[in-house]
Amino acid sequence: MVQLSSTLLYISFVLYLIGTFLFGGAIRDKRKEQQGKDRWSQFGIAVTIIGFLAQVGYFVTRWIAAGHAPVSNLFEFTTFFGMMLVGAFIIVYFIYRLSVLGLFALPIALLIIAYASMFPREISPLIPALQSDWLHIHVTTAAAGEAILAISFVAGLIYLIRVVDQSKPSKRTFWLEVVMFGLVTTLGFVIVSTAFGLSGYEAKFTWIDKNNQSSEVEYHMPALVGPHKGELAKESAGRLDPLVEMPAIINAKKLNTVIWSLMAGAVLYIALRLVLRKRIAAALQPLAKNVNLDLADEIGYRAVAIGFPVFTLGALIFAMIWAQIAWTRFWGWDPKEVWALITWLFYAAFLHLRLSKGWHGEKSAWLAVIGFAIIMFNLVAVNLVIAGLHSYAGT
Amino acid sequence: MEQVKCECGHVNPHGTVFCESCGKPLEEQGEKSLLDMRYEGSARRSQTYKRTIVDQIWAFFSSVKVGVALIVITLIASVIGTIFPQEMYIPPNVNPADYYEEQYGWAGKLYYELGFNNLYGSWWYILLIALIGVSLVICSLDRVVPLYRALKRQGVKRHPHFLERQRLFGVSRISDMDQAVALLKERLAKQRYRVREEDGHLLAEKGRFSRWGPYVNHVGLIIFLIGAMLRSVPGMYIDEVMWVREGETKEIPGTNGQYFLKSEKFIFDTYKKGEDNEVFNAAIDRVGDGMIAENYQTNVVLYKRVGPTVAGAKPELEKVKEYPIRVNEPLKFDHYALYQVDFRLNEPKTMSFQLTDKQSGKTLGTVAIDLYDPKETYNLGNGYRVELLSYFPDFEFDEDGNPSTKSRVPNNPAFVFKMYAPDRPEGEVSFVAIQQTLEPFGDNKYKMAFAELETRNVSGLTVRRDFTLWILGVGGAIFMFGLVQGMYWNHRRIWVQRVNGELWIAAHTNKNWFGLKKELHRLLDGTGLTMPADRLEERKQAGQGGQAHGTA
């Protein structure tokens, strides 16, 4: 069952990849003939739906194997988030029939799922706090809400790629490239993790933690930054000695991974720039050339309008009910709780600005990008960096 | 109050932008720009009166700009609160002033000095939330009353200037006007519009209730905030901790001596290879066998006091129920909830020793000492007797090198025994602690040999009673309802009017123009009427730039 489950996830991943290319084909095709049936898009959405079903299959089989919904650790949650993103895209596609949305939504879902796979993938048993039906209810609803909100990011990104003037450098081109760099760095993280994982790199250190206790840590990437007073263990002789040593309060291993990811991201980004001979957003601009801006704006807004209530229900209301049952209080200012509140406040501000101050179009698109950055921060940084009650994620 | 009379005869309150009934713009400057349809052009107090202090405060808080600014400031403050852990999450027995500096250096020190260690309970954070509350009330009242008035009084027949300044607007010239209007009326009804007809003009409307969504959700939020405030009213909220040992019966704190709890057993389980689902093996291997907690459980019996409370007397108890308290499964009774939150394993309870003849090894009897309630003398019969001269539950040597006890909890019990035997009538003294025995007055014939240690587990439980929960629940439910009402429906209106022998069609929605246009396409399909053009798009394409407008 577990094997079947992983295979299904793998299949869905490949299908999303194929779907991306099919939607890409749809864009090229449309330029030649506006009329007639759009075969590329039809195949694209069909492949996407099959991929989605395969991923649902992964989810169901893993649930059966584990006895609980696979949303209990970072790998499972992030994968589920990717699945919901594809699900939300499919629904939005059938409302608006916009192929270019698939061309951008699917790669982002792919990145998210690939990112998820870099974390421990084994099925873990539930600790007492997680043994509740609210696990399924709260986590799935929150993920669904975030995924729908993420569609507004996709629409916003398309809007910006189309509308930002690439003929000369400006603040707008800079920030758009920052977004691109963020996406490329995620890919960089996936590549270095996979590469060192395949090569089986291991280096053990003994180090002194902030309570002056000696502990051990195992690196899976060459240590550019080492732990506090870290020394290579005997069995790791010959492995790279850290170039810089970190103070005890900093988690050197995680920082090391971040540095490697940024380096890989930078290399990839520079390589792309050299090959393309222009900004990445400029290279993507032709793909968005025929997009109706009002429609992209409308989709972005609609996604927030639909996603915001779902997010409120899942990430705040259900969360509070469960926290009252499991942790004795419905609200405790745990970092994850606070970041859910921050996300909520942000989208509340977004909606008010849009409704009353007329922040449509480009301003709204930038806001959607920032909103997604907040969601990603809550998913990545709050789990890995700011530890709290929610940090079931592991290393 | 001055009022403005429109040419259609309707009397509008001062400050109205366009007539409530016919929609004729009241302060027309011959503009051709699109009408700002927010709040139906109604007279909002904040936009109309700006003289007195009250007016100005009202105008200040009714501004969405101010509301958004408050939201953004709260957001940034909340972010700051997550940079370092809040004081409630640092170890309980440290001095926060030192802790922040030790752990995070100068940044931690600054964080502490600025009071960010208790940010969410600080006066200014609470003030921010309160200001948001005030803004919610004033914003809503400022808009909902005139909006309700305007929507209630809107007429079917509209002024041509109102129609031609709508975002979706089209003109058709047709011969048979009556037939076209009749057909549209029928189709609109089929699309579930409520259609009103007056002198051959149509007003079709649906989803007006979605306009109230924002105000409903604001009411929900206000109720929620009131609920959160009430928590500080005495009696509304109880939060206590109790530690109860296996076998012990204790009064439950916060219940005024009405309820008692007995712990039968505390259970702590971990996941083990071979016992649990084998798909977990890989995860167990990574963390370590027996390292992942599976269950924390206290089996308890709940008692209620019967009869009056008499000081000093043993309470008379009546069993209410037995219940296994687990994480996620608190014991609930009479508005109270008891939660499993903590535990201590294997706290020593009784220690047994055997009085032994050192030479022959013969045991002459066993002494079991209750570490919480030791006896002075243990009589073993046949002339053997043990006296407990001193007892140190948590033994240590104090500064002067004398034996003493750190606490009353038997973490490290030590005893001074005096052993009496028929051949030692004056007794022998022996000091016994874990792993060591001292005989201060020379070689003894007898010794107290350690036999066994009986331990028990202690459960840490939290006692809660929260009378504000239902208010929060009601507030949350109303908020959700209002959110869905406002977000998942939209208010659409279509005007069909005969103007100078032409058929004018205009349409407006507060959001989702895409959906409205699709609906119009279906409505006009095959009628030969002109599809209203999206004038916002036309303007954009013409390079004039779109006007901010149109939604609420």
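Begin by colouring chain B of this predicted model by its assigned domains: domain 1 spans 44–151, domain 2 spans 237–343 and domain 3 spans 347–459. Between the centres of domain 1 and domain 2 of chain B, taken over C-alpha atoms, the distance is 39 Å.

Next, select residues 64–428 and 430–520 of chain B, which an unreviewed UniProt entry annotates as "domain: ResB-like". The span 64–428 is 30% helix and 35% strand, with its end C-alpha atoms 87 Å apart. In residues 430–520 of chain B, helix accounts for 31% and strand for 48%, and the end C-alpha atoms are separated by 101 Å.

Now display the segments of chain B that the unreviewed UniProt entry records as "transmembrane region": 57–84, 123–145, 215–233 and 467–489. Residues 57–84 of chain B are 79% helix and 0% strand, and 37 Å lies between the end C-alpha atoms. Residues 467–489 of chain B are 87% helix and 0% strand, with the end C-alpha atoms 35 Å apart.

Turn then to the interface, where 61 residues of chain B contact 65 residues of chain A. About 5,200 Å² is buried between the two chains, and carbon and sulfur atoms contribute 66% of that area. Select B:Thr82, B:Asn328 and B:Phe514: these supply 12% of the area that chain B buries against chain A, more than any other three residues.

Finally, show the side chains of A:Glu122 and B:Arg286, which form a salt bridge whose closest N and O atoms are 2.4 Å apart. One salt bridge is found across this interface, and 18 residue pairs are in polar contact between chain B and chain A. The side of chain B touching chain A comprises 37 nonpolar, twelve polar and twelve charged residues.

Terms used
Residues are numbered from 1 along each chain as its sequence is written. Chains are lettered from A and ligands numbered from 1 in the order in which they are written. This is a predicted model: local features need pLDDT of at least 70, side-chain atom pairs count only at pLDDT 80 or more; totals for chains, interfaces and linings use all residues. Side-chain values use heavy atoms; hydrogens and water are left out. UniProt positions are given in the numbering used here, feature names are shortened, and annotations may be inferred rather than shown by experiment. Helices (H or I, at least four residues) and strands (E, at least two) are DSSP runs, numbered from the N terminus. Domain bounds come from an automatic or database domain assignment. Contact means heavy atoms within 4.5 Å. Buried area is the accessible area (1.4 Å probe) that two parts lose on being put together, summed over both. A salt bridge is a side-chain nitrogen of Lys or Arg within 4 Å of a carboxyl oxygen of Asp or Glu. A polar contact is a pair of N or O atoms within 3.5 Å; within protein, one must be able to donate a hydrogen and the other to accept it, and residues adjacent in sequence count only if both atoms are side-chain atoms. Ala, Val, Leu, Ile, Met, Phe, Trp, Tyr, Cys and Pro count as nonpolar, Asp, Glu, Lys and Arg as charged, and the others, Gly among them, as polar.
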